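Reader: I am new to this structure and would like to go through its charged pairs and its overall build. Could you take me through them step by step?

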Amino acid sequence: MSVPLERIWLPADALRLRILRPFVRTFGDVGRRLVAEREFRVVVTATAAVILALTLTATIPLWLLALGPIVLGVPHVLGDVRYLVLRRGFHQRRSLVLVAGLPLLVAWWTSSVVVALAAAALAALVARGSIPRRLITATAFASIAAGAWIAGAWGDLAFAHLHNLIGVLLWFLWRPREGALWGVPILAYLAAGALILGGAIDPIVDALGGFDLSFEHLSIWTHSWSLAPTASPKWGLRIVLLFAFAQSIHYWVWLRLIPEDDRGRPTPRTFRRSWRALYRDLGGVLLFLAGVSALGVAIWAAWDVAHARAGYLRSAIVHGQIELVALALFVVEGRPGNLSRAEEARRERSG
């Protein structure tokens, strides 16, 4: 089934080639570096994503909050599963599935960050690493779980905000970083957050009426109540803006940045080869279910945006819990790294 579907992408690849050639000629060395050098390309795209997300947050924040999960939610969850579980082979490690799988199911059913943190602690104990590192990591996650249990609902609210940051942290830890350029997107991300919390974009949002447009049951005050229930009106609005910005970057991490860093070859794939790799990693059944889910959320949203968004968020909460387990495993076992070029070439030939 994969091979016939690859033909669908041939026109897109032809158009891509027609765009890339004049682009490289026009921008010279910069254009060539963007195509040939992964490090440079990822830094540029990550920085551009921060600038774009900040711009959209200042102009159409409610659109980001309402439609972001509906349009990008299912694909980014699929990216989570692909890069955190399947390509790492975690699903094939019986001890890991036994000690972390059931707690993750409970965490998903109860929406409890305490149980997810407990799963991360258990995963650290059976991870492949030195005993001291396993014990220290497990103790750290168990301690955080205890703190979240004491905090109660506040712990779950904190996780709702912090899970966006966890995605950025996982991306930065994915592979060794070279040179000082890597500080640019990270500093841009932190600076954008500071600008939002400092009120720098408040006048822009007010002038453009960014809070005026609201979907049924999804006004700015609804978001403020759910994301910052005890904050003053001013700080509540800023926290909502920060969440809209951070959520946008979180999607970009799983849809673009980690796929770039995890790939063995430094140059971009064609659309056809990207589809082949996606099919190889996920299989037809999972891809079909993801497609049906994405279509179902879209149809639901056409009828009722608020309930479609809430339904998606409730179902997809497990992806943030998987990120906690993956973070614990990365601490013990080290960076996920990327496939060697030879292995990547072998996979693509056999895909």
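**Salt bridges and overall build**

Author: In this predicted model, the side chains of aspartate 202 and arginine 238 form a salt bridge, with N and O 2.9 Å apart. The pair joins distant parts of the chain, since aspartate 202 belongs to helix 10 (residues 202-208) and arginine 238 to helix 12, 36 residues apart.

Reader: Are aspartate 202 and arginine 238 buried or exposed?

Author: The cut-off that matters here is a relative accessible area under 20% for a buried residue and over 50% for an exposed one. By that standard, aspartate 202 and arginine 238 are both buried.

Reader: Which residue forms a salt bridge with arginine 88, and where in the chain is that residue found?

Author: The closest N and O atoms of this salt bridge are 3.2 Å apart, and the partner of arginine 88 is aspartate 262. Arginine 88 sits in the loop between helix 4 (61-86) and helix 5 (94-110), while its partner, 174 residues away, is in helix 12 (residues 233-262). Arginine 88 counts as buried because its relative accessibility is 17%, and the partner is buried too, with a relative accessible area of 1%. The residue asked for is therefore aspartate 262, in helix 12.

Reader: Which residues are linked with Arg88 and Asp262 in a network of salt bridges?

Author: A search of the whole structure finds 14 salt bridges. In the network that holds Arg88 and Asp262, the other linked residues are Arg82, Arg87, Arg280 and Asp281.

Reader: How many residues apart in sequence are the parts that glutamate 333 and arginine 93 tie together?

Author: The side chains of glutamate 333 and arginine 93 meet in a salt bridge, at 2.5 Å from N to O. Glutamate 333 is in helix 14 (residues 305-333) and arginine 93 in the loop between helix 4 and helix 5, so the parts tied together are apart in sequence by 240 residues.

Reader: Is glutamate 333 buried or partly exposed?

Author: Its partner, arginine 93, is buried, with a relative accessible area of 11%. For glutamate 333 the relative accessible area is 28%, which means that glutamate 333 is partly exposed.

Reader: What is the radius of gyration of the chain?

Author: The chain has 15 helices and 0 strands. The globule rule gives 20 Å for 351 residues, and the chain comes close to this, so it is as compact as a globular protein of that length, with a radius of gyration of 21 Å.

How values were computed: Residues numbered from 1 in each chain as written. Predicted model: local features only at pLDDT ≥ 70, side-chain atom pairs only at ≥ 80, totals over all residues. Heavy atoms only, no water. Salt bridge = Lys/Arg side-chain N within 4 Å of Asp/Glu carboxyl O. Helix = DSSP H or I, 4+ residues; strand = E, 2+ residues; numbered from the N terminus. Buried < 20%, exposed > 50% of the residue type's maximum accessible area, 1.4 Å probe, protein only. Rg over C-alpha atoms; globule rule 2.2 N^0.38 Å.
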